[in-house]
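The exercises that follow ask the reader to work from a sequence and its three-dimensional structure. Please study both before turning to the solutions.

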Amino acid sequence: MLYAILCYAHEETVFAWTKEEEAAVMEKLYAVQEPLAQSGKLGPVGRLMPTTAATTVRKGKDEPLVIDGPFAETKEALLGFYVVDFETLDEAVAFSKQLSSVNPGSTSYEIRPFYVFRPGDASS
C-alpha cells in the first residue's frame, strides 16, 4: 500500500538553518531514505517552500478567491512529504520514527494511506 508521510515542523526554525546545518540534516535524512530508494519503495519526496510563498484558492460565493499565504495559521506547517510503498502501517510508522530520530527540533510526521487517482508523467 502507498502511504503519504507528511512532515510538519516550525518553519521559522527550518528556514533559519545555515547551509551547514541544512546539509547535515539532509545527509542524515538521505541515509534513512536510501535503503527504501534501493528497494524501490520510495516514491516522490519533496520539501515545500515556506507558507509566505503560498497562494490559496478558496471557494467563494460566486468566484473562487485567490489569497496570499496559507488558509490556516498554525505553529507547525506542512513542510514536506514522502510517498512510500509498505505492506503495513507498522512499516510506515517505523520509517517515520527513523526520520524523526535524525530530524532536529519538534518535527511531527502524519501518515495517511495514499491513493493515486491519476499517475502523472512529469519527472521534474
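Five exercises follow, each with a solution in steps.

The model is predicted, so local features need pLDDT of at least 70 and side-chain atom pairs count only at pLDDT 80 or more, while totals for chains, interfaces and linings use all residues. Residues are numbered from 1 along each chain as its sequence is written, and side-chain values use heavy atoms, with hydrogens and water left out.

**Exercise 1. The overall plan**

Task: State how many helices and strands there are in the protein, and in what order the elements run.

Solution.
Step 1. Helices (H or I, at least four residues) and strands (E, at least two) are DSSP runs, numbered from the N terminus. The protein has three helices and six strands.
Step 2. Read from the N terminus, the order of the elements is β-α-α-β-β-β-β-α-β.
Step 3. The C-alpha trace spans about 50 × 35 × 25 Å along its principal axes.
Step 4. A residue is called buried under 20% relative accessible area, exposed over 50%, and partly exposed in between (1.4 Å probe, protein chains only). Of the 124 residues, 27% count as buried.
Step 5. A contact means heavy atoms within 4.5 Å. Among contacts between residues at least 6 apart in sequence, 76% join residues at least 24 apart.

**Exercise 2. Helix H3 and its two sides**

Task: Check the span of helix H3, and determine which residues of H3 are buried.

Solution.
Step 1. The expected span of a helix is 1.5 Å times one less than its number of residues. The 14 residues of helix H3 (residues 89-102) should therefore span 20 Å, and the end C-alpha atoms are 21 Å apart, which agrees.
Step 2. Ala92, Phe95, Ser96, Leu99 and Val102 are the buried residues of H3.
Step 3. Viewed down the axis of H3, these buried residues fall within an arc of 130 degrees, so they line one face of the helix. The arc is that of the directions from the helix axis to the C-beta atoms.
Step 4. On the other side of H3, the residues Asp90, Lys97 and Ser101 are exposed.
Step 5. The cover over the buried residues of H3 includes strand S1 (2-9), helix H2 (19-39), strand S5 (77-85) and strand S6 (108-113).

**Exercise 3. Two residues of one helix**

Task: For serine 96 and leucine 89, decide whether each counts as buried, partly exposed or exposed, and list what each touches.

Solution.
Step 1. Serine 96 lies in helix H3. It counts as buried because its relative accessibility is 7%.
Step 2. Apart from neighbours within four places in sequence, serine 96 is in contact with Ile5, Tyr109 and Ile111.
Step 3. Leucine 89 is also part of helix H3. With 47% relative accessibility, leucine 89 counts as partly exposed.
Step 4. Not counting residues up to four places away in sequence, leucine 89 touches Tyr3 and Ile111.
Step 5. Leucine 89 and leucine 2 are 87 residues apart in sequence, and their C-alpha atoms are 9.7 Å apart in space.

**Exercise 4. Salt bridges**

Task: State how many salt bridges a search of the whole structure finds, and describe the partners.

Solution.
Step 1. A salt bridge is a side-chain nitrogen of Lys or Arg within 4 Å of a carboxyl oxygen of Asp or Glu. The search finds two.
Step 2. In one of them, the side chains of glutamate 22 and arginine 47 meet at 2.7 Å, N to O. This pair links distant parts of the chain: glutamate 22 is in helix H2 and arginine 47 in strand S2 (residues 42-47), 25 residues apart.
Step 3. Glutamate 22, at 23% relative accessibility, counts as partly exposed, and arginine 47, at 38%, counts as partly exposed.
Step 4. A salt bridge also joins the side chains of arginine 112 and glutamate 110 (2.5 Å, N to O). Arginine 112 is partly exposed at 45%, and glutamate 110 is partly exposed at 25%.

**Exercise 5. Distances from proline 119**

Task: Locate proline 119, and state how far its C-alpha atom lies from those of leucine 89 and threonine 56.

Solution.
Step 1. Proline 119 is in the segment after S6. Its relative accessible area of 66% makes it exposed.
Step 2. Proline 119 and leucine 89 are 30 residues apart in sequence and 23 Å apart in space, C-alpha to C-alpha.
Step 3. Threonine 56 lies in strand S3 (residues 55-58) and, at 15% relative accessibility, counts as buried. The C-alpha atoms of threonine 56 and proline 119, 63 residues apart along the chain, are separated by 24 Å.
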